[in-house]
Amino acid sequence: MDILEDLKEYEVISFCPEKFMGTPRKKISLKMLEENISVIREDGIDVTDDLSNEIDRFIAQAPRFDKIILKSKSPSCGFKTTPVLHSEQLKIENGLLTHKLLKIYDESIFFDENNYKG
């Protein structure tokens, strides 16, 4: 299925919360530290606040969504596909943007490029 063709009747808003980090950029990963998810660059720098602020700005300005299509396995946009390190164990969860959007929207409107249904 061609996702863009299916969405031609919708206003499509493209957003990548990691864009502010530039390209190329250092790899980022999610780690559970205490009770909070942290976003850590491969060089050990914590970028959680920067990424979280970027996401919060987007959500504050965004209209209501009918469908949300995300990037599988992304630390920001993964939907039930993102590896999160808990101590020494990887668990598959949601990316940071997805985690925040799920507080607002029902998960029935969430898809990624692998499970999209028109």
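Which exposed residues sit on the face of α2 turned away from its buried side? They are D49, A60 and Q61. Keep that helix in mind, as much of what follows comes back to it. One thing up front: this is a predicted model.

**The chain as a whole**

The protein chain has three helices and six strands. Walk along the sequence and you meet them in the pattern α-β-β-α-β-β-β-α-β. The C-alpha trace spans about 45 × 25 × 25 Å along its principal axes. For 118 residues, a compact globule would have a radius of gyration near 13 Å, and the 15 Å of this chain agrees with that. Of the 118 residues, 36% are buried. If you take the contacts with a separation of 6 or more, 54% of them join residues 24 or more positions apart.

**The core**

In soluble globular proteins, nonpolar side chains tend to be buried together. Here, the largest nonpolar core has 20 residues, and V39, I68, L70, Y105 and F110 are the ones with the most contacts inside it. The elements giving two or more residues to this core are β1, β2 (36–41), α2 (48–61), β3 and α3 (96–101).

V39 is a good place to zoom in. Setting aside residues up to four places away in sequence, V39 touches I28, S29, L30, I45, D46, V47, T48, L51 and L96.

**Helix α2, inside and out**

With its 14 residues, α2 reaches 20 Å from first C-alpha to last, close to the 20 Å expected at 1.5 Å a residue. Its buried residues are T48, L51, S52, I55 and F58. Seen down the helix axis, these buried residues fall within an arc of 125°, so they line one face of α2. What covers them includes β1, β2 and α3.

Now back to the face turned away from the buried side, where D49 is one of the exposed residues. D49 belongs to α2, and its relative accessible area is 58%, so it counts as exposed. How far apart are the C-alpha atoms of D49 and F111? They are separated by 26 Å, with the two positions 62 residues apart along the chain.

**Backbone oddities**

Most residues other than glycine have a negative phi, and most peptide bonds are trans. A few spots in this model go the other way. The peptide bond from T23 to P24 is cis, with omega near -10°. P24 lies in the loop between α1 (3–6) and β1 (28–33).

Two lysines add to the list. K73 has a positive phi, near 70°, and K80 has one of about 60°. K73 is in the loop between β3 (68–70) and β4, and the place of K80 is likewise in the loop between β3 and β4.

**Cysteines**

How many disulfides does the structure hold? Zero. C16 is in no disulfide, and the nearest cysteine sulfur to its own is that of C77, 6.0 Å away. Why no bond for C77? Because its sulfur is 6.0 Å from the closest cysteine sulfur, in C16, which is too far. As for burial, C16 is partly exposed, whereas C77 is buried.

**H86**

H86 is in strand β4 (residues 82–86). A relative accessibility of 17% makes H86 buried. Leaving out neighbours within four places in sequence, H86 is in contact with M32, K91 and E93.

**Accessibility side by side**

Here are the individual residues discussed above, with their relative accessible areas.

| Residue | Relative accessible area | Class |
|---|---|---|
| K73 | 60% | exposed |
| D49 | 58% | exposed |
| K80 | 46% | partly exposed |
| C16 | 41% | partly exposed |
| H86 | 17% | buried |
| C77 | 8% | buried |

The cut-offs help when reading the table: under 20% is buried, over 50% is exposed, and partly exposed is in between. At 46%, K80 therefore counts as partly exposed, while K73 at 60% counts as exposed.

Conventions:
Residues numbered from 1 in each chain as written. Predicted model: local features only at pLDDT ≥ 70, side-chain atom pairs only at ≥ 80, totals over all residues. Heavy atoms only, no water. Helix = DSSP H or I, 4+ residues; strand = E, 2+ residues; numbered from the N terminus. Buried < 20%, exposed > 50% of the residue type's maximum accessible area, 1.4 Å probe, protein only. Contact = heavy atoms within 4.5 Å. Core = buried A, V, L, I, M, F, W, Y, C linked by side-chain atoms within 4.5 Å. Expected span 1.5 Å × (residues − 1). Arc of directions from axis to C-beta. Disulfide = S-S within 2.5 Å. Rg over C-alpha atoms; globule rule 2.2 N^0.38 Å.
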